[in-house]
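Reader: I should like to go through the assignments in this model and hear the grounds for each of them. May we begin with the strands and then turn to the interior?

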Amino acid sequence: MTTAADGTAGPAVRVRFLGDFELTVNGAPVQRWRAGKARGLFQYLVVHRGQMLTRDRLYASLWPGADAAAGSSLKVAAHALRRVLDAHPDRPGDSGIQLVYRDFGYVLHITGLWSDLDRFQELVHTGLRAAATGDAPLARTRLGAAIGLYGGEFLRGESADWVVEQREYLRALALRALGVLRADAEAREDFVELIEICKRTLEIDRHHEETYRALMTAHGRRGELACVRRWYELCARRMRDELGVAPGHETQRLLATLIPAAARTSAPVSAVTGAPPATVRALRPAARRTGTPAWSPDARTTAPVRPVRRARPDNRAAAALARAADQATA
């Protein structure tokens, strides 16, 4: 591939790992790779650039189970990578990329590199340090920029073990940054921003139960009880259908606190069948007619007491006495 400088300032090599992989050299995107493993080799070398990576380590990460002693796959990929990126070990091209073989392994050097992976980690770490020292505005700025840069999971669509390991580490960093931003929005009572942060968190981890509680609390403070109930039900459904568990006791207690009637009208849901447990069904009140007293716990153990009819007075004796008195005076 031939590249030419476009006269713009900035790094000659730009790499995006978060989301879909993208490599730009001197303003030109690299889209055609001469060997299938050349791209994977480059990705691994960039993440570990400056380090001497032995052939055994490269084979274990990129060709697991292959015979590292043969070395043919690695040589083919390295040769293709040099041709694609003009990365000759002795005469680097305009990109400033050098792939050097040394001591039974390879080391990658890049002059003028910008990587969203490096920038994301830098922003998160500086933001967390600022939060730890009480500099909330700086923490908010840095962590917000980091989340803005987090365009998706690391090398989306790829499944090598080293990719998954790096992906989970970066995902945890993003969630930690969002946790600090969420706490900051709660402290400032900025519920609009808080809700947006929570929605962003659920895009990364749809089972993050603490986030559902934050959403329930935010809507509860605003008097939006229907939203509180819907967020709880979404949490419960995802936990049940995708993880086979029920929401934690803290989440259930929060629902009962925000919507007291929910403690009586909503029953725990079985993680297997989706139906309320039999013990809960047995405690449900039977249907009642309009106008009858509401069901109460006492009704389970105390038989209903029928009202006592008052007896009608018998006036026949009084009438007979009145007649006798009339006859006596006649």
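Author: We may start from a single pair of residues: Arg 14 stands opposite Thr 24 in β2. Please bear in mind that the model is predicted.

Reader: What makes β1 and β2 a pair of strands?

Author: Two strands pair if at least two bridges are found between them. Strand β1 (residues 13-16) and strand β2 (residues 22-25) are joined by 4 bridges in the antiparallel sense, so the criterion of at least two is met. Val 13 faces Val 25 in β2 across this pairing. In the hairpin of the two strands, 5 residues lie between β1 and β2, and Gly 19 takes a positive phi near 100°.

Reader: How do you know that β1 also pairs with β7?

Author: The two run parallel and are joined by 3 bridges, so the requirement of at least two is again satisfied. Val 13 has Leu 113 of β7 opposite.

Reader: Why is the pairing of the sheet called mixed?

Author: The open sheet has 4 strands in the order β3-β2-β1-β7, with mixed pairing. β1 and β2 are antiparallel, whereas β1 and β7 are parallel. β3 (28-29) and β7 (113-115) are the edge strands, each pairing on one side only.

Reader: Which residues of β1 lie on the covered face, and which on the uncovered one?

Author: Val 13 and Val 15 form the covered face, while Arg 14 and Arg 16 form the uncovered one. In a regular strand, side chains alternate between the two faces of the sheet.

Reader: What makes Asn 26 and Leu 155 buried, given their places in loops?

Author: Buried means under 20% relative accessible area. Asn 26 is in the loop between β2 and β3, and its relative accessible area is 9%, so it counts as buried. Leu 155 is in the loop between α5 (136-149) and α6; its relative accessibility is 0%, and therefore it too is buried. Both have positive phi without being glycine: the value is near 55° for Asn 26 and about 45° for Leu 155.

Reader: Why is Gln 166 called buried?

Author: Gln 166, in helix α6, has a relative accessible area of 18%, which is under 20% and therefore buried. Beyond its neighbours within four places in sequence, Gln 166 is in contact with Leu 117 and Phe 154.

Reader: How do you know that Leu 173 is buried, and which residues does it touch?

Author: Leu 173 also belongs to helix α6. Its relative accessible area is 7%, so the cut-off of under 20% is met. Residues up to four places away aside, Leu 173 touches Phe 120, Gln 121, Val 124 and His 125. Leu 173 and Phe 120 are 53 residues apart in sequence, with their C-alpha atoms 9.3 Å apart.

Reader: What makes Phe 120 notable in the largest nonpolar core?

Author: That core has 79 residues, and Phe 120 is among those with the most contacts inside it, together with Leu 23, Phe 42 and Leu 85. Helix α6 (residues 161-188) gives the most to this core, with 10 residues. The residues that Phe 120 touches, not counting those up to four places away, include Leu 18, Ala 146, Leu 149, Tyr 150 and Leu 170. In soluble globular proteins, nonpolar side chains tend to be buried together.

Reader: How do you know that α7 has the span expected of a helix?

Author: Helix α7 (residues 191-204) has 14 residues and reaches 20 Å from its first C-alpha to its last, close to the 20 Å expected at 1.5 Å a residue. Its buried residues include Phe 191, Leu 194, Ile 195 and Cys 198. Among the elements that cover the buried residues of α7 are α6, α8 (209-221) and α9 (225-243).

Reader: What is the number of disulfides, and are Cys 198 and Cys 235 buried or exposed?

Author: The structure holds 0 disulfides. Cys 198 has 0% relative accessibility, so it is buried, and Cys 235, with a relative accessible area of 0%, is buried as well.

Reader: How many helices and strands does the protein have, and what share of its residues is buried?

Author: There are 13 helices and 7 strands. Of the 330 residues, 37% are buried.

Methods:
Residues are numbered from 1 along each chain as its sequence is written. This is a predicted model: local features need pLDDT of at least 70, side-chain atom pairs count only at pLDDT 80 or more; totals for chains, interfaces and linings use all residues. Side-chain values use heavy atoms; hydrogens and water are left out. A nonpolar core is a set of buried Ala, Val, Leu, Ile, Met, Phe, Trp, Tyr and Cys residues joined through side-chain atoms within 4.5 Å. Buried means under 20% relative accessible area, exposed over 50%, partly exposed in between (1.4 Å probe, protein chains only). Contact means heavy atoms within 4.5 Å. A disulfide is a pair of cysteine sulfur atoms within 2.5 Å. The expected span of a helix is 1.5 Å times one less than its number of residues.
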